[in-house]
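Visitor: I am new to this structure. Please walk me through it, and tell me how each label is earned.

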Amino acid sequence: MEKRIKALYIITIAAIIGFLAMQFFWLNTRYEGALQDYEKDLAAGTQKAFDEYAEIRVRDNRGKSKLTRNHNQYTSQLNLRMGDTTRRTATVRRWQTNAYELLGVPDTMKLTDEMMDEVARRITDLSNRPETATDSLVFDGSSAPNENAVWAAAQHVQTEIDGPFTVEGLDSCLAKEGIRADVTLCVTDSMIWHSVAERQGSRFRPTAVFIYPYSELQCKSVRIECPISIWDILPGMATQLIVTLLISALLILCVIWQLATVKKLNRIGRIRSSFVTTMIHELKRPLSTLKMCVSGLDNPKMKADPDTRGELVGEIRTALDNLSAYFSRLRDITFNNVDQIPLKIEGVNLHDIFDNVAKSIPVSSEKTVCYVNNIPADTTISADREHLVNIITNLVENAVKYSGPQMTISAEATSDADGVELRIADTGNGIPSSDLDRIFNRFYRGRAASTDTPGMGLGLSYVRLLVKAHGGEITVASREGEGSCFTLKIPQG
């Protein structure tokens with residue numbers, strides 16, 4: 001049975017560990033999914049902010065061209081190598097002109113709409129003559145995915161010349177999207193034609209990094225780093241986490257409850273076996289005495305001797321009294337309420353009772369027990385004699401049972417207006433401090449009660465039950481290795 005229970009414990013613990021491992025794996029997978037979803041939202045938000053800032057730059061540059069007298073005119077040209085469509089050369093030309101210089105009028109004159117139309121016509125004529133360009137920028141766009149990408153990149157170069165990309169401008173657009181990020185402008189060794197998204201940092205303290213090219217031909221891009229807190233991810237997993245934790249807690253509690261129940265049933269089984277063994281042992285002594293006395297009465301010589309016959313009859317009465325007391329004790333143990341215990345109150349001499357108990361306790365030949373009766377000879381108490389004998393017997397038997405080869409058991413009593421206080425002390429093994437609060441619990445056996453010492457853990461609980469039935473209380477003071485002292489306070493009157 002013990003092996004089966006041990007195997008059950010091992011299997012159950014392994015099952016719990018396996019379940020927790022599976023839950024951890026599932027939560028880890030779910031966390032990765034939630035993290036990816038959050039990164040997708042960040043990517044969409046940063047892309048939206050980048051596109052919005054790009055539109056703002058183009059719009060601002062157009063406004064500058066209309067509101068200032070200085071004007072930049074651009075043309076873009078894409079050259080392809082003959083027979084090789086992968087070799088592309090992009091040329092961006094710029095003409096920087098002044099409206100007053102083109103018209104040849106003083107700069108203090110107010111320009112009319114007709115004059116501005118003439119300025120536009122002359123600028124268009126200039127753009128048709130490449131040799132008159134203020135400057136020309138030539139780029140190798142062979143790495144571009146297609147021609148349209150090169151044309152768009154040429155426009156980005158024009159935008160960058162008129163209105164350079166700034167960190168502050170993109171920060172304001174990111175703030176509108178509610179994104180906290182570190183923005184850095186960088187120039188790469190090669191052209192970047194597509195946005196790049198990657199994750200850096202640890203798994204639980206990641207950083208989402210997004211790289212957006214804003215002037216591909218000039219190898220200029222912006223790097224956006226978004227630190228991600230685990231608390232940004234957990235709200236999206238709140239339902240799964242709560243359900244998982246509740247199910248896990250419920251399962252673990254059920255398993256613990258099951259193990260506790262199995263342990264309790266196993267303990268009950270051991271108690272039942274010990275109870276039967278102890279009961280047989282307790283019944284065997286008076287029955288053996290009765291058998292021996294009855295055999296003596298059958299002997300004609302003993303029967304003819306009146307003194308011997310009287311002694312045998314006395315032994316028979318004593319054995320029967322012991323049996324009756326034992327069955328009464330078994331009956332009392334089954335009571336849960338002290339009011340159910342019948343009491344036969346009478347005057348009892350404590351000094352004589354302790355002497356009688358000391359004489360009746362069997363002591364192994366390997367032990368030497370010294371009894372010291374310091375109870376005044378005239379100390380009388382109103383109590384149930386049988387129960388009081390059982391109380392003192394249990395305390396003395398425990399002292400003898402849990403002791404070394406030599407010990408002393410002493411008893412003393414004092415009386416006052418509140419009642420009688422009886423103290424029974426011994427120099428035995430003592431009780432560990434961790435057991436003191438539980439030694440009066442039913443079926444509890446402390447560390448001092450080794451497996452080789454018979455017992456059911458009922459003696460002290462029975463003593464406390466009988467003391468309470470008399471309206472009193474019992475306490476204990478003990479130090480391990482030095483002995484114990486039980487104090488009984490029984491009210492009188």
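Guide: Let us start with a cut-off. A polar contact is a pair of N or O atoms within 3.5 Å, and within protein one must be able to donate a hydrogen and the other to accept it. Keep in mind that this is a predicted model.

Visitor: What makes the start of α5 an example of a polar contact?

Guide: A side-chain oxygen of T166 comes to within 3.2 Å of the backbone nitrogen of G169. The cut-off is 3.5 Å, so this pair counts as a polar contact.

Visitor: Which residues of α5 are buried?

Guide: G169, L170, C173 and L174 are buried in α5. They span an arc of only 135° around the axis, so they lie on the same side of α5. E168 and A175 are exposed, on the other side of α5.

Visitor: What follows α5?

Guide: G178 does, with a positive phi, near 70°.

Visitor: Now the aromatic rings. Why is the pair of F50 and Y212 called stacked?

Guide: Rings pair if their centres lie within 6.5 Å, and planes under 30 degrees apart count as stacked. By this rule there are six aromatic pairs. The ring centres of F50 and Y212 are 5.1 Å apart and the planes stand at 20°, so this pair is stacked.

Visitor: What does the pair of F50 and Y212 tie together?

Guide: F50 is in helix α1 (residues 2-67), while Y212 is in strand β6 (residues 206-215). The pair therefore ties together parts that are 162 residues apart in sequence.

Visitor: Do F50 and Y212 count as buried or exposed?

Guide: Buried means under 20% relative accessible area. F50 has 10%, so F50 counts as buried. Y212 has 4%, so Y212 counts as buried too.

Visitor: What makes F165 and Y214 a stacked pair?

Guide: Their rings are 4.3 Å apart, centre to centre, with 20° between the planes. Stacked asks for under 30 degrees, so the label fits. This pair links distant parts of the chain, 49 residues apart. F165 sits in the loop between α4 (147-162) and α5 (167-176), and Y214 in strand β6.

Visitor: How do you know whether F165 and Y214 are buried or exposed?

Guide: The relative accessible area of F165 is 6%, so F165 is buried. For Y214 the value is 8%, so Y214 is buried as well.

Visitor: Which residues form one aromatic cluster?

Guide: F50, Y53, F165, Y212 and Y214 do.

Visitor: Where is M237, and is it buried or exposed?

Guide: M237 is in the loop between α6 (230-233) and α7 (238-297). Its relative accessible area is 2%, so M237 is buried. Beyond its neighbours within four places in sequence, M237 is in contact with L27, R30, Y31 and A34. M237 and R30 are 207 residues apart in sequence, yet their C-alpha atoms are 7.7 Å apart in space.

Visitor: Why is K263 called exposed?

Guide: Exposed means over 50% relative accessible area. K263 has 57%, so K263 is exposed. K263 lies in helix α7. The C-alpha atoms of K263 and Y9 are 9.8 Å apart, with their places 254 residues apart along the chain.

Visitor: What about D384? Why is D384 called buried?

Guide: D384 has a relative accessible area of 7%, so D384 is buried. D384 belongs to strand β10 (residues 380-384). A polar atom of the D384 side chain lies 3.1 Å from the backbone nitrogen of H387. Leaving aside neighbours within four places in sequence, the contacts of D384 include P342, K344 and H470.

Visitor: How many residues has the largest nonpolar core?

Guide: The largest nonpolar core has 39 residues. Those with the most contacts inside it are L350, L388, I392 and I409. Elements giving two or more residues to this core include α10 (350-360), β10 and α11 (385-401). A second, separate core has 23 residues, among them A208, F210, I224 and C226.

Visitor: And the whole chain? How many helices and strands are there?

Guide: The protein chain has twelve helices and 14 strands. Of its 493 residues, 36% count as buried.

Definitions and conventions: Residues are numbered from 1 along each chain as its sequence is written. This is a predicted model: local features need pLDDT of at least 70, side-chain atom pairs count only at pLDDT 80 or more; totals for chains, interfaces and linings use all residues. Side-chain values use heavy atoms; hydrogens and water are left out. Rings of Phe, Tyr and Trp (its six-membered ring) pair if their centres lie within 6.5 Å; planes under 30 degrees apart count as stacked, over 60 as edge-to-face and the rest as tilted. Helices (H or I, at least four residues) and strands (E, at least two) are DSSP runs, numbered from the N terminus. Buried means under 20% relative accessible area, exposed over 50%, partly exposed in between (1.4 Å probe, protein chains only). Contact means heavy atoms within 4.5 Å. The arc is that of the directions from the helix axis to the C-beta atoms. A nonpolar core is a set of buried Ala, Val, Leu, Ile, Met, Phe, Trp, Tyr and Cys residues joined through side-chain atoms within 4.5 Å.
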